[in-house]
Protein chains: 2
Amino acid sequence: MNILIKNTQLLTMEDEEIKTANIYIEDDKISYIGSREDFKSDRVIDGKNFLTMPGFVNAHTHVAMTLFRNYGPETDLMTWLNDYIWPLEDKLKAEDVYYGSKLALLEMIKAGTTSFADMYFFCEETAKACKEMNIRSQISRGLAIPDHGFSKIKENIDLANKYREDKLIDIGLGPHAVYTSDLDYLKKISDYAQEYKLPIHIHLSETKKENEDCYKNYKMSPTELFDKAGIFKNRTIAAHGVYLSDNDLDIIKENNVSVVHNPSSNLKLSSGFLDLARLIDKGINVCLGTDSASSNNKLSILREMEVSMLVSKLYSSRPISYIEMLQMATVNGAKALGFDKVGMIKESYKADLIMIDINNENHTPHNDILSSLCFSTYESDIKNVIIGGNIVYRDGKFNNDDSENIILKTKRQFEDLKAR
Amino acid sequence: MNILIKNTQLLTMEDEEIKTANIYIEDDKISYIGSREDFKSDRVIDGKNFLTMPGFVNAHTHVAMTLFRNYGPETDLMTWLNDYIWPLEDKLKAEDVYYGSKLALLEMIKAGTTSFADMYFFCEETAKACKEMNIRSQISRGLAIPDHGFSKIKENIDLANKYREDKLIDIGLGPHAVYTSDLDYLKKISDYAQEYKLPIHIHLSETKKENEDCYKNYKMSPTELFDKAGIFKNRTIAAHGVYLSDNDLDIIKENNVSVVHNPSSNLKLSSGFLDLARLIDKGINVCLGTDSASSNNKLSILREMEVSMLVSKLYSSRPISYIEMLQMATVNGAKALGFDKVGMIKESYKADLIMIDINNENHTPHNDILSSLCFSTYESDIKNVIIGGNIVYRDGKFNNDDSENIILKTKRQFEDLKAR
């Protein structure tokens with residue numbers, strides 16, 4: 001389908017200028033940006049009231065964990081995992097993950113997310129949900145010991161082979177964290193990643209305790225352990241990174257590891273807060289994630305932007321600028337996930353974009369659009385979402401909206417899971 | 001008009017139970033809560049998919065300052081006031097305030113605010129906007145020296161006399177802050193407040209600098225200065241309170257002063273962050289405010305709840321519970337403002353309530369509704385807003401929606417203001 005977006009305010013993320021332009025989309029790509037409008041189009045979208053920008057990239061989440069949204073009391077990471085999440089995850093079935101994923105994608109697309117990185121189990125179900133909802137993703141199977149006969153790793157590799165040619169789904173390897181691995185297991189995963197040329201998705205230095213235990217067991221930091229295992233020879237996204245030493249940052253920088261900042265989740269689980277500027281000023285690629293809905297409890301990159309900017313006023317070595325935050329939410333995320341030609345609005349780039357109503361009360365007056373995007377945007381201002389040239393959300397509505405059914409099924413699935 | 005809300009999930013805020021009930025509203029009051037449904041009603045609202053709760057109270061804002069939304073760079077309070085806000089405010093006209101107020105009320109009502117406390121200039125314009133939009137408010141004229149012939153105070157008193165019998169508008173006196181007053185001026189205001197039985201609205205210990213300067217000038221804290229002037233003999237709401245000594249807290253507690261926590265604004269202006277639990281555990285009435293849109297840049301109590309709960313994980317002496325946060329957003333705010341029978345859903349109470357769609361993707365599954373309200377609610381989930389028995393927002397729409405006109409006029413007004 002060819003789409004012409006006419007006369008929109010445009011933030012390409014190549015720079016921080018707001019321009020007025022027409023955008024022509026052919027199939028899955030942006031083929032023209034400028035003042036011409038003599039295109040053959042199947043759809044014309046009037047962009048007059050909108051700011052069009054690249055869709056958000058959620059670089060760390062576990063979509064199916066919407067099942068556990070608001071489940072259990074507010075507590076720290078390890079209590080939460082040990083006493084509430086892991087006992088239920090032990091009983092998970094494929095269908096739980098399918099509905100949990102679909103439910104998450106409804107919320108994520110409405111909130112302007114056009115691609116994301118996921119780590120979980122029953123990944124085929126998440127991939128199926130992504131195909132049905134037409135959203136771009138990098139999916140990794142969570143890998144943790146014990147892994148008898150390396151069946152988890154093999155499942156992950158099989159998945160990679162299955163989706164190798166897929167336009168929307170990428171597969172990565174997901175060594176969960178140092179506290180659920182050992183050095184040999186990490187080395188094994190790194191070898192497979194090299195052999196199959198797969199990216200890596202890890203949790204890294206999320207809590208003080210993780211670091212302390214790692215020093216106790218290995219006399220080194222989680223970053224040093226992953227490095228020693230060769231994990232960083234592969235393109236890696238590292239979620240959290242709340243507690244990183246200067247030496248850790250050197251390793252991360254040298255190996256082009258991307259760090260995913262999850263402000264809401266880190267605060268909610270009392271883990272701490274990342275000093276963003278310290279990483280940015282070192283030239284490290286930093287992006288944003290929601291983590292799962294069960295430690296957040298939303299799936300909105302706009303919310304992460306707000307929280308991150310506000311809290312960085314106190315917790316970061318300097319405030320974060322609007323454009324830095326918008327980069328984290330878009331182009332840096334795409335770079336982290338290794339998506340080719342995603343994250344900017346540019347000729348030949350994939351047509352992953354969102355259209356935000358900036359002509360409403362909360363964006364008035366237009367004193368500074370970048371500030372308005374960071375601080376004044378409600379998720380419901382996002383009216384159109386296009387992913388790979390497909391209009392997946394239009395005028396604030398899904399095509400063939402199946403929400404009611406998904407909501408009902410997810411509720412039933414979770415009741416069934418608890419009763420198992 | 002009589003309204004029957006049938007079969008809704010209900011959080012009364014008398015306790016933290018979620019019940020199922022019918023609510024019958026006669027004129028401006030709730031007259032029945034229970035299982036009966038044999039009422040004569042002009043309107044019946046199906047409550048099946050909704051959680052009905054008291055509307056939010058925004059206990060500190062300057063609504064007309066939507067004009068300055070996203071205006072000027074991110075900086076600290078005094079630079080922001082001196083270099084950006086005050087020069088424009090010097091040129092303000094009545095019509096600016098009227099449109100700025102109307103614009104704010106659109107956003108606030110959509111986000112579930114049913115009453116608020118405002119401090120600004122041209123208060124009649126704000127009052128007019130409130131009457132037109134049918135929202136409850138306590139409005140104070142910002143009082144600062146120089147005040148030749150006490151004309152500002154007199155304007156404030158005239159306003160109070162004009163609205164004394166009004167059902168929706170209360171008037172308070174607004175001594176802005178210690179750094180814009182002196183002891184004699186504060187004493188004068190206190191005397192007037194006693195004479196006319198008016199409540200007080202102040203800024204208090206927002207920044208470290210405010211405290212330091214006050215010690216320099218008066219050898220006492222802002223709280224001690226207000227106390228010495230007799231201000232606290234009157235019912236007082238004190239915005240911010242970021243830097244309060246133990247002695248300050250004793251004074252505040254003893255005088256039943258309510259403290260308004262403005263988390264987003266305090267973070268955005270790098271002012272600091274209030275240790276909420278310290279105040280709550282002392283038995284001080286704490287509520288929530290957005291401050292103005294120009295230091296926020298939204299007007300959403302839901303957002304303040306989220307930010308406050310998340311940041312309190314690190315900044316408060318203990319985490320804040322869901323119910324404590326919901327109390328701050330509703331009943332504590334109503335108490336602070338001295339509104340009679342507001343802030344709970346209870347027979348004989350004023351019908352100020354909101355209906356939140358909890359049957360959508362982001363509230364699924366229903367593991368814990370209180371947690372869901374605090375962490376998973378988008379402003380657009382608020383579908384119905386009733387204030388004083390009037391349905392001001394229904395099915396996500398305003399009656400006789402004038403938004404487009406207000407938006408346009410506010411834009412023009414601000415362009416005109418800058419050019420003056």
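This presentation covers the interface between two chains, the domains of chain A, and some backbone features.

The model is a predicted one, in which local features need pLDDT of at least 70 and side-chain atom pairs count only at pLDDT 80 or more, while totals for chains, interfaces and linings use all residues. Residues are numbered from 1 along each chain as its sequence is written, chains are lettered from A and ligands numbered from 1 in the order in which they are written, and side-chain values use heavy atoms, with hydrogens and water left out.

I begin with the relation between the two chains. A turn of 180 degrees and a shift of 0.0 Å along the axis lay chain A on chain B with an RMSD of 0.0 Å; the superposition is by least squares on the C-alpha atoms of residues with pLDDT of at least 70 in both copies. The two copies are therefore related as by a two-fold rotation axis. Both use the same surface, since 100% of the contact residues of chain A recur in chain B.

How many residues does the contact take from each chain? The contact, defined as heavy atoms within 4.5 Å, takes 55 residues from chain A and 55 residues from chain B. Between the chains about 4700 Å² is buried, with carbon and sulfur atoms giving 54% of that area. Buried area here is the accessible area (1.4 Å probe) that two parts lose on being put together, summed over both.

Next, the polar side of this interface. Eight salt bridges are found across it, a salt bridge being a side-chain nitrogen of Lys or Arg within 4 Å of a carboxyl oxygen of Asp or Glu. In a salt bridge between E361(A) and K110(B), the closest N and O atoms are 2.7 Å apart. Chain A and chain B also have 36 residue pairs in polar contact, both residues at pLDDT 80 or more. A polar contact is a pair of N or O atoms within 3.5 Å; within protein, one must be able to donate a hydrogen and the other to accept it, and residues adjacent in sequence count only if both atoms are side-chain atoms.

Which elements of chain A give two or more residues to the side that touches chain B? They are helix 2 (94-110), helix 9 (263-268), helix 11 (301-315), helix 14 (369-375) and helix 15 (403-419). Helices (H or I, at least four residues) and strands (E, at least two) are DSSP runs, numbered from the N terminus. Helix 11 of chain A gives the most to this side, with nine residues. By class, the side of chain A that touches chain B has 20 nonpolar, 21 polar and 14 charged residues.

I turn to the domains. Chain A is assigned domain 1 (2-54 + 343-398) and domain 2 (56-337), with bounds from an automatic or database domain assignment. Their centres, taken over C-alpha atoms, are 28 Å apart. The contact between them takes 31 residues from domain 1 of chain A and 29 residues from domain 2 of chain A. These domains bury about 2500 Å² between them, 72% of it on carbon and sulfur atoms. On the side of domain 1 of chain A, C374(A), F375(A) and E379(A) lose the most area to domain 2 of chain A, together 24% of what that side buries.

Two salt bridges are counted between the domains of chain A. Five residue pairs are in polar contact across this interface, both residues at pLDDT 80 or more.

Finally, the backbone. Most residues other than glycine have a negative phi, and most peptide bonds are trans. The peptide bond from N296(A) to N297(A) is cis, with omega near 0 degrees, and N297(A) lies in the loop between strand 13 (286-288) and helix 11 of chain A. In chain B, I145(B) and P146(B) are joined by a cis peptide bond, with omega about 0 degrees. P146(B) lies in the loop between strand 8 (136-143) and helix 4 (151-162) of chain B. F150(B) is found in the loop between strand 8 and helix 4 of chain B; although not a glycine, F150(B) has a positive phi of about 50 degrees.

Terms used
Ala, Val, Leu, Ile, Met, Phe, Trp, Tyr, Cys and Pro count as nonpolar, Asp, Glu, Lys and Arg as charged, and the others, Gly among them, as polar.
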